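Please open the structure in your viewer and keep the selection tool at hand. The tour proceeds from one selection to the next.

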Amino acid sequence: MEVRASSNLARITGPARERSFLTDGNNHAIDFSYLEDFTRGMHRLEVNSVLRYTDDIRTDPERNSVQRAYFRINGPRSEYNFGDYLVNYSSLTYNQNLKGFHFIQSAPWGQGFRLLGNAGTFTDRYGSLFREELPGKPFTRVVSGLRAEQTIDRDKMIALNWSYGNDIAGSLPGTTTFRPVVANNVASLDARMTFFNAWNLEGEIAYSSLSRDTRKRIGNRKNKDYALRFDNSVRFDNSVRKGPWNFNVYFTRIMPSFFAVNARQVADLQDLQARASVQLGERVSLQGSYRRTNNDLRGQNRRPETVFQMPDVRLSLRVVGNTLIDMGYKERHQDQFGSADRVTQTPFFQIGIPISSSVLSFGFEHRIHLDRLVRSNQTSSNDFSVGFRSIFNAGDWMFTPLLRYELNREIFDRVDTGNNNRNIQAGLILDAPRYFVFEAMFRQVGATLFQDRRVLDPNGLPVFEVTGPSGFRRPAFHLAVTYKLLNDENRFITLSYERNNNLFALPGQDFLEKVMQATVVFRSRRQ
């Protein structure tokens, strides 16, 4: 059992205080978590729930809510779950949370057969099932599915999957004329197999149906393009390892009308990725990859097909003292015929130097952005970073420091100036021998930017001129001290203070946030 109670005082000032994501004033929250795991004969039972109270709508839109709850029964050959459950049947059919019933039943004859099934709803929270007015409330969806899985051998498995989803039109107020997806069914066959202890193959073939989607109307008549749809999808993942060589090929093709509401797939997409690596010695390895992604598989898009290509090569070295050096080159091509033709070229270098229980790291990237259609959009940038992290002891005290600085300088072809982007982090966690933990953190994200506009030069040709500064600077401080009651890590009080400055070059956009908070945590365990 755990009780976590917090109370804070937030103060937001400045001309643009409404831009803050915090709630000004006193805010409170209490989380109550309960977990019990016990056995009855041959069965294991598990109960879990997380309840919350808060008066801060930006923390939770419900004042009193159930964050998570389930009751699970495990037997020698079965599992039954009531409440929250993560269903993960296959990539193209079902990988989503549900609130309802799920079961796993193994065959009594013990030949590697399992049947999995579920029925319930999908929504963001339990309150959305019965409360009409909640900020950001999504549609509630009725879901169900089955998976029949057969293990053929120790390293071979084949399965049939079925997934169903149906958004309830009346689950949102004012949606009588707008009905989302109705009756989406997906069936698939997937397999995982290993051959010769070297080749791992995963594949899936799926087919979907989508019926009675009446989102769009033409006058009083339904748009026939949304009435009934069928389509297919395939994926094949291959991995081969032989001696020092390792090869991977991943291929996915999702046709334009394929729809899997319970799997969150991107339709009208083909993706191919190939990777190869070789260990050239104990301290040298070479990796290379190529990825090609394109859409408009049936030539139905109003815009031309977009093709992304991403080659990448990397050399890794371990030198004296286990220092790790990575160097390489990568590109990103975007080609949308007649609309976009861009290339980003990036050589990079990274080094990590271990020093006892510490790591000192350096990184550098040089990026060239080429635009073959609009030359004025071309830029080049240099990105440099340095970081240090460590864990060390001084007597019975433990120190965990962290330092990182990153600078990005971007130069534009169209004007004689550039942008500077900075990221600074510094932190220290100090564990005392007894009772106390101290934390201090500073972070700053900032950018020096500019505004420009298009004008004509004396010859009537288009050029750009800088019209003024832009950019921002956001330094933030965080201090906290934790006191462990009776030196027990399951019972502690934390007092913290945080200050966030949000400063902008343009007038009227600044705001300042200050938060003082007290948190009490109490955990109890019974064995």
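Select tyrosine 435, which is partly exposed, with a relative accessible area of 29%. Please bear in mind throughout that the model is predicted. Now add tyrosine 483, which is also partly exposed, its relative accessible area being 32%. How far apart are the centres of the rings of tyrosine 435 and tyrosine 483? The centres lie 6.0 Å apart and the planes meet at 20°; planes under 30 degrees apart count as stacked, so this pair is stacked. The two residues bring together distant parts of the chain, 48 residues apart. Tyrosine 435 belongs to the loop between strand E25 (418–431) and strand E26 (436–456), whereas tyrosine 483 is in strand E27 (residues 462–484).

Next, select Phe71, Tyr80, Phe82, Phe101 and Phe103, which together make one aromatic cluster. Then display tyrosine 70 with arginine 72: the arginine lies over the face of the tyrosine, at 4.4 Å from the ring centre. A further example awaits at phenylalanine 348, where the charged end of lysine 330 sits over the ring, 5.3 Å from its centre.

Proceed to the largest nonpolar core, composed of eight residues: Tyr85, Val87, Tyr89, Tyr94, Leu98, Ile104, Leu116 and Val143. At least two residues of this core come from each of strand E5 (78–90) and strand E6 (94–106). Centre the view on tyrosine 85; beyond residues up to four places away in sequence, its contacts include Arg72, Gln96, Leu98 and Ile104. A second, separate core has seven residues, among them Val186, Ile254, Phe258 and Ala263.

Now select arginine 141, in strand E8 (residues 141–153). Is this arginine 141 buried or exposed? Its relative accessible area is 7%, so arginine 141 is buried. Display its side chain and find two polar contacts: one with the side chain of glutamine 96 at 2.5 Å, and one with the side chain of asparagine 262 at 3.3 Å. Leaving aside neighbours within four places in sequence, arginine 141 also touches other residues, including Gly120, Phe122, Asp167 and Val261.

Finally, select lysine 514 in strand E29 (residues 511–523). Lysine 514 is partly exposed, with a relative accessible area of 33%. Which residues does lysine 514 contact, leaving aside its neighbours within four places in sequence? They are Leu9, Ala10, Arg11, Tyr497, Glu498 and Arg499. To end the tour, add aspartate 24: its C-alpha atom is separated from that of lysine 514 by 9.4 Å, although the two residues are 490 residues apart along the chain.

How values were computed. Residues numbered from 1 in each chain as written. Predicted model: local features only at pLDDT ≥ 70, side-chain atom pairs only at ≥ 80, totals over all residues. Heavy atoms only, no water. Helix = DSSP H or I, 4+ residues; strand = E, 2+ residues; numbered from the N terminus. Buried < 20%, exposed > 50% of the residue type's maximum accessible area, 1.4 Å probe, protein only. Contact = heavy atoms within 4.5 Å. Core = buried A, V, L, I, M, F, W, Y, C linked by side-chain atoms within 4.5 Å. Polar contact = N/O pair within 3.5 Å; in protein donor to acceptor, adjacent residues only side chain to side chain. Phe/Tyr/Trp six-rings, centres within 6.5 Å; stacked < 30°, edge-to-face > 60°. Lys NZ or Arg CZ within 6 Å of the ring centre and 35° of its normal.
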